[in-house]
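Me: I would like to go through this model with a few short questions. Please reason briefly and finish each reply on what was asked for.

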Amino acid sequence: MALNDSFLNDLKMRTDINDVISTYVTLKRRGRTYVGLCPFHNEKTPSFTVYPETQSFYCFGCGAGGDAVGFIRKIENLDYIDAVKLLAGRAGLQMPEDGYDDSMARHRKNILAINRETARFFHSYMMSEEGKVGLDYFLNRGLSRKTITKFGLGFAPNSWDALLKHLKSKGFSISDMEAAGVIKRGNKGYYDIFRNRVMTPIIDVRGNVIAFGGRVLDDSKPKYINTGDTLVYKKTNELFALNLAKDSGEESLILCEGYMDVIAMHQVGFTNAVAGCGTALTNEQVKLISRYAGEVILAYDADEAGQKALNKAILLFNHTDVKVRIPALRGGKDPDEIIKNLGRETFAAMLEGASNEIEFEIVSARNQYNIATTQGKIDFLNDCIKILSNVSPIEQDLYVSRLSEELGVDKNSIRLQLDSYARRNARRTRKRELSKAISDSISKNHKESVQNAASTRKLRAEDRMLGLLMLHRSLIKYTDTFDSQTLNPGFHKKIYDLVCERIRLNQDIDLIHFSDILSDNEMGRLSGIMARAADSSNPDAEFKDCMQIVGEEFTKAEKKKTDMKHISDDEFRKLFQ
């Protein structure tokens, strides 16, 4: 069952989408809308738009869209009911006692309870005589008992089903254990996924245990096993130790590669350290960092893989407002080893002396050329032009002055070259973005046209009809003689019938009433349709024109079908010659 309209209307009245989204996105007013950089994909030019009048949002870059509930669902990775609960709590509203199906929320709650009990089981076992080998491993790595307890570290028994039996004794079901990713079904029945491994629980910013990372104590393979994606965990969206780092009081976050690096850094006072969860840095993790810090220090491993990951991270952060600094690490392969070898103060000095990403890229470029030669200077400057093309005018001026002095090249010459490159690059970017937008639009329309045997003209008319009807409910007066069967089956007919039914029942048609009915893609599509329909100067005339076009195109298509039924075999073959 869906939430009742009375509650949703109350929630809508007490929730301003601009206030909700501005908690996560920096918005700037543009006429009657607000724009910002999309939190769901990387971009430099704002294409994410918030519409206060319709309490909706839409990104013209990636197609994400919907209402406040949809935004919270997507950015917090929540199901519908949990997203509503979050907004209700924010608005000071009590959730209704009945009128909704919270089975998914209960399932999610059970998985979190299983994870919490699993973490306790692993920790308790490690602190027992049987699990001492796990405790010795962490102690030998230099961790104190206080740190071990703080991070809830543990050890999984070398047993086929010890955890399964324990969880079963606590009343948890096999299906929920499997959904949590702690047991698995094999040829001989269910068994524990984590066995004979030191265990690191992953905890989200709300304090929930959402996943685990397990490491073997010997050289057996696989060395690491991590929880796969579950209802409560998606590794590309999470950062290890962010639950602690967010309360560090620091304005920056230190991003490492491994859990042990983070734990070692926290132990010596770097409580703003975090790490990805067993995967390369993702756009979602970058966006998450940007919500909690204005600066990130990339303390990646010194090996080849670490440097590749570092370069990728720099590119990802270039699309955000987060400042990046890169320390020149030495004395070990990773932060954990450096701290052990050189001590906390030396490592702190490395972090303090970290360069920003521009300086790092310039130094990296300089190391590739012999700037004692004329050609070396030219090649180095050409690389620097590309690097400086994306920084602020003030930064450009400072670096251009420094390069001019260092290389003995006139500052104005470097500036002219930089301006010329920036103009060419801007033209290429605009052309590429326009080409992609046109290509995507043509591709989508063509795909749906083929799937539904509908013309592009008909699809555009149906889009416009839906958008106008959502924005001007009075247009319902023209629909009495319109047959919705003439609409494309699927999205268009589904939305049209839903909207018309609610209008005729004198119910609201705000997006919040469709959040639990439509998928993310459908909500995004409907939001885009509404955004494009907002420019109508004569909704009544346009709506009637669109209905006529839909009717005409439907008749054409039906006639074509009839003609094809009566076509001879010879005529049919000629169509493909």
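Me: Is Cys-256 buried or exposed?
Reply: This is a predicted model, and the relative accessible area of Cys-256 in it is 2%. Buried means under 20%, so Cys-256 is buried.

Me: Which cysteine sulfur is closest to that of Cys-256, and why is there no bond?
Reply: A disulfide requires two cysteine sulfur atoms within 2.5 Å. The closest cysteine sulfur to that of Cys-256 is 13 Å away, which is too far for a bond. That sulfur belongs to Cys-277.

Me: What is the relative accessibility of Cys-277?
Reply: Cys-277 counts as buried. Its closest cysteine sulfur is in Cys-256, too far for a bond. The relative accessibility of Cys-277 is 1%.

Me: How many disulfides does the model contain?
Reply: The sulfurs of Cys-256 and Cys-277 are too far apart for a bond. By the distance rule, the disulfide count is zero.

Me: Which helix gives the most to the largest nonpolar core?
Reply: The largest nonpolar core has 57 residues, and those with the most contacts inside it are Phe-138, Phe-240, Ile-254, Met-265 and Phe-347. Eight residues of this core come from the helix that gives the most, helix 5 (residues 103-126).

Me: How many residues are in the other core, which includes Leu-11?
Reply: This core lies apart from the largest one. Val-20, Val-50 and Ile-75 are among its members, along with Leu-11. The number of residues is 35.

Me: Which cysteine is in contact with Phe-240, leaving aside neighbours within four places in sequence?
Reply: The contacts of Phe-240 include Thr-200, Pro-201 and Ile-202, positions that fall within strand 9 (residues 197-203). Phe-151 and Tyr-259 are also among them. The cysteine in contact with Phe-240 is Cys-277.

Me: Why is strand 9 largely enclosed by the rest of the structure?
Reply: Strand 9 pairs with strand 6 (residues 154-156) in the antiparallel sense over three bridges, with Met-199 as the partner of Gly-154. Strand 10 (residues 209-215) also runs antiparallel to strand 9, joined by six bridges. Strand 9 has seven residues, and it is largely enclosed because the number buried is six.

Me: Which residue in the turn between strand 9 and strand 10 has a positive phi?
Reply: Within this pair of strands, Val-198 stands opposite Arg-215. Strand 9 and strand 10 form a hairpin with five residues between them. The turn residue with a positive phi, of about 90°, is Gly-207.

Methods. Residues are numbered from 1 along each chain as its sequence is written. This is a predicted model: local features need pLDDT of at least 70, side-chain atom pairs count only at pLDDT 80 or more; totals for chains, interfaces and linings use all residues. Side-chain values use heavy atoms; hydrogens and water are left out. A nonpolar core is a set of buried Ala, Val, Leu, Ile, Met, Phe, Trp, Tyr and Cys residues joined through side-chain atoms within 4.5 Å. Buried means under 20% relative accessible area, exposed over 50%, partly exposed in between (1.4 Å probe, protein chains only). Helices (H or I, at least four residues) and strands (E, at least two) are DSSP runs, numbered from the N terminus. Contact means heavy atoms within 4.5 Å. Two strands pair if DSSP finds at least two bridges between them.
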